[in-house]
Amino acid sequence: MEIIARLIELKPDSADLVREWAGHLDAHREQALASLRCEGVALESWFSLSLEGKDYLLCYMRVDSLLESQQIAADSVNPVDAYHQQFKIDTWVRGAGAIGKLLVDLSPPQE
């Protein structure tokens, strides 16, 4: 299991699109969860934050394999995935993101 945290810089004035995206995922929760199951994602959480006048998204994931998950998502025909891909094009600053390194994981062991 890989544990990933990614900080993504957003293009200016993306706040409305971020709210629409979050609402869309919530409204299509079952499709989104089905997609995550196919991708081997055990947990995916998104946070909105601002730092020094810039807006960011923070994504936290537990996934079997990030590389395999990304390949499956790229080939997906699930409409939620298509919506998410367009959201990324519309709002993410290309190349302005970072993947964090896990320092401590205090989650209970899986039985």
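Hi everyone. Let me start with a convention: an angle over 145 degrees between two axes counts as roughly antiparallel. Keep that in mind as we look at this model, which is a predicted one.

So, to the helix pair. Helix H1, residues 15-27, packs with helix H4, residues 79-91, at an angle of about 170°, and their axes are 11 Å apart. H1 and H4 are therefore roughly antiparallel to each other. Who makes that contact? On the H1 side we have Leu17, Val18, Glu20, Trp21, His24 and Leu25, and H4 brings Val80, Tyr83, His84, Phe87, Asp90 and Thr91. By character, the residues of this H1–H4 contact split into seven nonpolar, three polar and two charged.

Now let's stay with H1 for a moment. Its 13 residues span 18 Å from the first C-alpha to the last, close to the 18 Å expected at 1.5 Å a residue. Which residues of H1 are buried? They are Val18, Trp21 and His24. These three sit on the same side of H1, because the arc they cover around the axis is only 125°. The buried residues of H1 pack against strand S1 (2-10), strand S2 (41-51), strand S3 (54-63) and, once more, H4. Turn to the face of H1 that points away from its buried side, and you meet the exposed residues Arg19 and Ala27.

One last stop, in helix H2, residues 29-39, where we find glutamate 30. Is glutamate 30 buried or exposed? Its relative accessibility is 57%, so glutamate 30 counts as exposed. Compared with alanine 15, glutamate 30 is 15 residues away in sequence and 24 Å away in space, C-alpha to C-alpha.

Thanks for listening, everyone!

Notes
Residues numbered from 1 in each chain as written. Predicted model: local features only at pLDDT ≥ 70, side-chain atom pairs only at ≥ 80, totals over all residues. Heavy atoms only, no water. Axes fitted to C-alpha atoms, helices over the stretch in contact; angles between N-to-C directions. Helix = DSSP H or I, 4+ residues; strand = E, 2+ residues; numbered from the N terminus. Parallel < 35°, antiparallel > 145°, perpendicular 65-115°, else oblique. Contact = heavy atoms within 4.5 Å. Nonpolar A, V, L, I, M, F, W, Y, C, P; charged D, E, K, R; others polar. Buried < 20%, exposed > 50% of the residue type's maximum accessible area, 1.4 Å probe, protein only. Expected span 1.5 Å × (residues − 1). Arc of directions from axis to C-beta.
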